[in-house]
Amino acid sequence: MANFPCDPLPHLPPGTSIVEPGPLRTKRSYVVVGGDLLVACDDWAIATLAPEIDAAEYDGAIAVIVDYLEHRGLTVCHTNRCGMGTALVQFVSSCDRDTAVESSPHMIGDTVLRFVNQDRGINYRDATFTHDVWLMLVNYPLECWQVDTVVKTMTPYGRFLIWSKDNSNKARIVVKIRAYNVDTLPLSIVVLQNSSDNGSGGSWTCPTYILSRNLIGAMGGDEDPILPDGENPHPMPNVFNGFWHDLHNDFHANPDPVPVVIDVENGNVEVIQIPDTPEQHPNINLNELPEDHEVVASQDFTQPAAQNINDLHDDNFVPNSTAVEIADNMVDPITAL
């Protein structure tokens with residue numbers, strides 16, 4: 001919200017006056033109007049003269065502004081009163097508007113003339129919508145089960161995104177919004193209806209529950225570096241234990257390999273992981289494994305491995321030389337008992 005002085009009197013319709021606010025008047029309220037707005041105003045600008053002129057001198061100020069612009073070859077189509085400056089000015093084109101704005105300030109004798117875009121006046125502030133939120137409104141009136149009405153219901157709380165309409169459960173509606181402040185979402189939303197000219201109407205109270213909230217605006221991270229030596233940036237996926245892994249990022253972050261070794265020594269069964277390339281573990285030579293080691297694919301180990309050779313039943317123990325041949329159909333010896 002922006003705090004700034006405002007004089008409403010020059011803009012009152014004839015015969016009207018201002019009613020002083022009472023103590024219960026809300027100091028601030030929000031209305032979220034959604035995404036792209038339909039009205040194009042790219043040819044409008046706010047013109048401000050300094051020092052500030054009196055409202056009674058409005059017509060004379062407009063004549064000064066228009067005369068100055070026309071002498072610079074900028075045509076004005078329309079002027080209007082403005083609550084944030086001297087006047088609203090409509091140019092013949094968006095290009096003329098941008099020229100007037102970008103070349104500000106302009107000197108007219110001892111007076112300074114400035115232009116800003118019509119949507120960048122003193123009432124403009126940045127707004128950050130922090131979360132995408134799924135809401136459930138229980139007992140939402142069936143009379144309101146149409147998109148336009150649901151959108152209006154969400155207007156004070158955020159930008160309407162999705163209505164997950166489920167006709168199998170009419171006890172509630174589930175709506176996704178982009179919330180301006182998730183911490184101020186109400187515990188109940190009251191839907192009001194005015195049904196007649198005498199002021200009578202009704203209301204429906206809907207208990208409101210947050211189902212999930214997702215923080216938006218997370219950064220995607222820096223770009224990956226270009227690979228050296230013409231290496232393909234999109235190789236075939238490295239599938240391990242049924243999951244795809246990034247061959248470049250995941251492997252270097254966790255250099256655990258795909259091959260493993262079954263090492264039967266001193267009565268223990270040990271699974272040793274070996275890197276794809278000898279450079280990452282120079283102490284392991286893939287070409288000089290002991291004779292009692294066999295290499296199999298790690299994704300073939302779908303069952304928990306036994307930790308000690310003595311835990312295996314003699315009738316179910318599979319010799320080391322046979323283990324490689326049946327690796328594709330390996331069965332846990334403990335489970336087979």
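A residue counts as buried when its relative accessible area is under 20%. With that in mind, welcome to the tour of this predicted model.

**Stop 1: the whole chain**

Select everything and show it as a cartoon. The chain has 337 residues, and 24% of them are buried. Its secondary structure comes to 6 helices and 15 strands. Now switch on the surface: about 23300 Å² is exposed, with carbon and sulfur atoms supplying 52% of that area. How do distant parts of the sequence meet? Among contacts with a separation of 6 or more, 59% are between residues 24 or more positions apart.

**Stop 2: the largest nonpolar core**

Next, select Leu137, Tyr140, Met154, Ile173, Val175 and Ile177 and show their side chains. These are the residues with the most contacts inside the largest nonpolar core, which has 19 residues. Colour the elements that each supply at least two residues of this core: strand 6 (131-138), helix 3 (147-154), strand 7 (158-163), strand 8 (172-179) and strand 9 (188-194). Which strand gives the largest share of this core? Strand 8 does, with 4 residues. In soluble globular proteins, nonpolar side chains tend to be buried together.

Zoom in on Ile177. Beyond its neighbours within four places in sequence, Ile177 touches residues including Val133, Leu135, Met154, Phe160, Leu161 and Leu185. Charged residues are on its contact list too, among them Asp132 and Arg159.

**Stop 3: two residues to inspect**

Stay with strand 8 and select Arg172, which is found there. Is Arg172 buried or exposed? Arg172 counts as buried because its relative accessibility is 18%, and the cut-off is under 20%. Leaving out neighbours within four places in sequence, its contacts are Met136, Leu137, Val138, Asn139, Trp145 and Asp166.

Then move to helix 3 and pick Thr153. This residue has 12% relative accessibility, so Thr153 counts as buried as well. Try the distance tool on Thr153 and Val190: their C-alpha atoms are 9.0 Å apart, although 37 residues separate them in sequence. Again leaving out neighbours within four places, Thr153 is in contact with Leu137, Tyr140, Ile189 and Val191. You have met Leu137 and Tyr140 already, among the core residues with the most contacts.

**Stop 4: another core**

Apart from the largest core lies another, of 18 residues. Select Ala45, Leu49, Leu69 and Phe115, which are among its members.

**Stop 5: the largest pocket**

Back to the surface view. The largest pocket holds about 920 Å³ of space. To find its centre, select Val31, Val33, Tyr124, Arg125 and Ala127, the closest of the 22 lining residues. Colour the lining by class and you should get 11 nonpolar, 5 polar and 6 charged residues.

**Stop 6: the second largest pocket**

Here the space is about 640 Å³. Of the 25 residues lining this pocket, Glu52, Cys82, Met84, Gly85 and Thr86 lie nearest its centre. Two elements give two or more residues each to this lining: strand 1 (44-50) and strand 5 (111-117). By class, the lining has 13 nonpolar, 6 polar and 6 charged residues.

**Last stop: Asn123**

Finally, select Asn123, in the loop between strand 5 and strand 6. Asn123 counts as partly exposed because its relative accessibility is 40%. Beyond its neighbours within four places in sequence, Asn123 contacts Ala2, Phe4 and Met84. Add Gly83 to your selection: it lies 40 residues from Asn123 in sequence, with 9.8 Å between their C-alpha atoms.

Key: Residues are numbered from 1 along each chain as its sequence is written. This is a predicted model: local features need pLDDT of at least 70, side-chain atom pairs count only at pLDDT 80 or more; totals for chains, interfaces and linings use all residues. Side-chain values use heavy atoms; hydrogens and water are left out. On a 1 Å grid over the protein atoms alone, a cavity is a set of points where a 1.4 Å probe fits but cannot get out, and a pocket is an open set with protein on both sides within 12 Å along at least five of seven lines; lining residues have an atom within 4 Å of a point. Grid points are joined across faces, edges and corners, and a volume is the space filled by probe spheres set on the points. A nonpolar core is a set of buried Ala, Val, Leu, Ile, Met, Phe, Trp, Tyr and Cys residues joined through side-chain atoms within 4.5 Å. Buried means under 20% relative accessible area, exposed over 50%, partly exposed in between (1.4 Å probe, protein chains only). Contact means heavy atoms within 4.5 Å. Accessible areas come from the Shrake-Rupley method with a 1.4 Å probe; for residues, only the protein chains shown count as cover.
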